[in-house]
Amino acid sequence: MTKKNAEASACAKLILLGEHSAVYGHPAIAVPLPSLRLNVRLKDADSYQVKAPVGPEDAEKIIQSLKVAGQLLDSVRKLEIGISSGFPMKAGLGSSAALNVAIARGLAEMEGIQPATGRIAEIAYEMEKIFHGTPSGIDTTVSAWEKPIYFIKGKPPEFIKPKKPLTIVVAFTGISSSTREVVAEVRAARDAEPEKYDGIFRDIEKVSEQGRKCMETGNLDKLGMLMGQDHQLLRKIKVSSPEIEMLVEAAVKSGALGAKLTGAGRGGCVIALSAPEDARRISDALRMHSGDVFVAKIQ
Ligand code: MEV
C-alpha cells in the first residue's frame with residue numbers, strides 16, 4: 001500500500017581503519033553507532049522542499065538526492081523533507097550517508113515496497129555521490145547494515161563479529177570538514193605522486209587486514225597500536241590538522257590503547273580505543289580540548 005508520508009531513520013558510523021585508501025579499492029573497517037540517529041520526515045508536495053537548517057547549496061544536494069532515490073525506486077512523487085539529527089553533521093560521523101539511507105528507507109515505505117538491505121545500501125550509495133563526488137560506499141553500507149563491516153569498494157560487505165566489545169571514546173574537534181573536498185585533494189595529490197600515495201595506501205591495507213584479525217580474536221592492545229599506525233599513515237597523506245593532533249596526543253597520554261582521526265579528516269572527530277575501565281579518564285582528558293565527547297560501545 002502506498003502512503004502520502006513516512007518517517008525513517010539511519011545511524012551514524014565510525015571508520016576504525018582504512019579511510020581514504022578505501023576510495024582506491026583497499027579494505028577498510030567501519031562500525032555503526034546505532035544509538036546516534038538521523039531522522040527524516042517525507043511527505044508528498046507540489047514541489048521539492050527542504051525543511052531543515054541547511055544552506056542553499058546543501059538544500060540543492062538534498063533535492064538532487066531525493067530525485068536519484070525517486071528514479072531508483074520508480075517513484076514519481078515530489079517530496080517535502082524535514083531532517084533532524086541526533087549527532088553533529090559534517091563531523092566525520094557519516095551524516096550524509098545516514099541521510100541518504102533514511103531517505104531511501106522512507107521513500108520505499110511511501111511506495112509500499114521493502115527493498116533488501118543491500119538494495120537500500122546501493123541506492124544510498126548512488127545518492128551519496130551527489131554529496132561526496134567519488135565515495136567508496138563504506139559510509140552508506142555500514143549505515144544501512146548497522147553492523148561492523150570489512151569493506152572493499154564494489155564488493156558486498158563482510159561482517160565482523162568482535163570477540164570483545166570495543167570501548168571507543170569519540171571527541172569532536174569542533175571543526176566541520178567537507179569529505180568531498182578532502183577526498184578530492186587527496187586524489188589530486190595521488191595523481192601528482194602516484195607511487196608515494198599508492199605505497200601509503202598499501203601500508204594502510206596491511207593495517208586494516210591485521211585490524212580485522214585483532215577484532216575477531218579480541219586482541220585490543222594490538223588493535224590500538226594499529227590505529228596509531230594508521231593515524232601516522234593518514235598524517236603522511238596530509239589529512240590531519242593541529243586540532244586532531246592535540247586530541248590524539250591527549251588520548252594517548254591519558255592511556256588510550258590507540259587513537260586516530262576518523263573519516264575524511266582535516267577536522268571532524270578523533271577516536272580513541274580504550275580499556276572499559278579507562279574510558280572515563282580518557283573522556284575527561286579529551287574534554288579539556290573538545291566540547292563534544294562521548295563513549296561508544298561496539299559489540
Ligand atoms: C569517509 O567517511 C571515508 C573516506 O574514506 C571516503 C570514502 O571512503 O568514501 C574518506
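I took helices (H or I, at least four residues) and strands (E, at least two) as DSSP runs, numbered from the N terminus. The model is predicted, so I noted the filters: local features need pLDDT of at least 70, side-chain atom pairs count only at pLDDT 80 or more, and totals for chains, interfaces and linings use all residues. Residues are numbered from 1 along each chain as its sequence is written, and side-chain values use heavy atoms, with hydrogens and water left out.

**Fold.** I found nine helices and 10 strands in the protein. Along the principal axes, the C-alpha atoms fill a box of roughly 55 × 40 × 35 Å.

**Ligand shell.** I looked up the residues near the ligand (a heavy atom within 4 Å of it). There are 13, and the closest are Lys13, His20, Pro135, Ser136 and Asp139. Both β1 (5–17) and α4 (138–145) supply at least two residues of this shell. By class, I got seven nonpolar, three polar and three charged. Here Ala, Val, Leu, Ile, Met, Phe, Trp, Tyr, Cys and Pro are nonpolar, Asp, Glu, Lys and Arg are charged, and the others, Gly among them, are polar.

**Ligand oxygens.** Next I checked distances to oxygen atoms of the ligand. An N or O atom in the Ser136 side chain is 2.6 Å from a ligand oxygen. A polar backbone atom of His20 is 2.8 Å from one. For a polar side-chain atom of Asp139, I read 2.9 Å. The protein covers 97% of the 300 Å² of accessible area that the ligand has on its own. That area is from the Shrake-Rupley method with a 1.4 Å probe.

How values were computed. Polar contact = N/O pair within 3.5 Å; in protein donor to acceptor, adjacent residues only side chain to side chain.
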